[in-house]
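The following exercises concern burial, packing and backbone geometry in one protein model. Each task is followed by a solution in steps.

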Amino acid sequence: MSIHKSEIKKVTTHQLQSMKERGEKISMLTAYDYSMASLIDGAGVDIILVGDSASNVMAGHETTLPITLDQMIYHASAVVRAVKRAFVVVDIPFGSYQGNSSEALRSAIRIMKESGAHSVKMEGGTEIKESIIRVLSAGVPVMGHLGLTPQSIYKFGTYAVRAQEKEEADQLIDDARLLEECGCYAIVLEKIPASLAAKVAQEVKIPVIGIGAGLHVDGQVLVMHDMLGITKEFQPRFLRQYADLGTSIHNAVTQYVSDIKAKDFPNEKESY
Ligand code: KIV
C-alpha cells in the first residue's frame, strides 16, 4: 500500500477550534466549481462552503429551495477535486433532511461518499436536533446555521434582519447552545444584530462564523460571486465588494466580439 503525503497542511475541525481559542479569525467563502475553488483555495481561505446559494448564483433560481441533492453533489465533487488545503463543507439542500433523521443521514452519507467533502451544513436548531445527532453519530462533522436561514424564506416572508425581538433572540441563543451540545463543530449566523452574534460567540466554545452578523464573531463568510462583483443585483449592507469582475468580464467579452466583427481576431500569430 502506498501512502501519499501532501506537503500542504489541510485545515481540520481541530484547527478551526484552535483558531477560535487563540483568537485567529476564520475565513470562509463559497465555491461551486473546480476553477474558482482552486483559485480561492490557493489564496488561503480556511473553509470553502459549497452553499445551496448555487441555486441562485449558478442556476438563476430566486431561492435556494429548488437545488437537488444530486446537483449539490455534482458541485461539491468539482470543488473537492480542486482543493488542497481548505476544509470543505456542503449544504444539505432543502427537502433532503427535514423529513426525518434517517433521510438526513442518507443525504449526509451520499454527500460524503460521492463528493469526498469533509462535512455538511444544516439549517435550523431544535426542530432538526434528531437529524443533527444522527448525522454526527455516523462520524460526519456538522456545521449549524441559525438566524436568516434561506431554506425557510417562505416562512419568514422576507430577507430582513432576524432576531431583533427578544423572543427570537433568546430562541437563537438556546439553539446555538443546543448545536454545541449536540456536537456541531461550528455555527453560521446569518443576518442578525451584531450585539446578539457577539453574545453567541462568547456563550459557545465552538467557532461562530458570521454573514451580516458584525465583527465580534470568530470568522466571516460571503458568497464569492457577490464579493467579486459578479452578481450585481444583490447589494446588502453587509456585503463588501472586493473586485468588479462583472465589469471586467463585460469589457473583455465586448472587446472579443468587436475584434471578431473587425476581422482582427485571430491574427497571423494566433493562426497555424
Ligand atoms: O448557501 C450559502 O451560500 C450559505 C451562506 C450564505 C452562509 O449558506
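**Exercise 1.** Determine whether Cys 182 is buried or exposed, and establish its disulfide status.

*Solution.* Cys 182 has a relative accessible area of 19% and therefore counts as buried, since buried means under 20%, exposed over 50% and partly exposed in between (1.4 Å probe, protein chains only). Next, consider the sulfur atoms: the nearest cysteine sulfur to that of Cys 182 belongs to Cys 184, 6.1 Å away, and Cys 182 is in no disulfide. A disulfide is defined here as a pair of cysteine sulfur atoms within 2.5 Å. Cys 184 is likewise in no disulfide, and it is buried at 2% relative accessible area. A search of the whole structure finds zero disulfides.

The model is predicted: local features need pLDDT of at least 70, side-chain atom pairs count only at pLDDT 80 or more, and totals for chains, interfaces and linings use all residues. Residues are numbered from 1 along each chain as its sequence is written, and side-chain values use heavy atoms, with hydrogens and water left out.

**Exercise 2.** Identify the buried residues of helix H9 and the elements that cover them.

*Solution.* Helix H9 spans residues 194-203; helices (H or I, at least four residues) and strands (E, at least two) are DSSP runs, numbered from the N terminus. Its buried residues are Leu 196, Ala 197, Ala 198, Val 200 and Ala 201. Their cover includes helices H1 (13-22) and H8 (166-182), together with strands S6 (186-190) and S7 (208-211). For Val 200, leaving aside neighbours within four places in sequence, the contacts (heavy atoms within 4.5 Å) are Leu 172, Ile 173, Ala 176, Leu 189 and Val 208.

**Exercise 3.** Locate His 225 and list what it touches.

*Solution.* His 225 lies in helix H10 (residues 224-227). With a relative accessible area of 9%, His 225 is buried. Not counting residues up to four places away in sequence, His 225 touches Tyr 32, Val 57, Met 58, Ile 230 and Thr 231.

**Exercise 4.** Which residues other than glycine have a positive phi, and where do they lie?

*Solution.* One of them is Ala 163, with phi near 55°, in the loop between helix H7 (153-156) and H8. Ala 163 is buried, at 4% relative accessible area. Another is Lys 191, with phi of about 50°, in the loop between S6 and H9. At 19% relative accessibility, Lys 191 also counts as buried.
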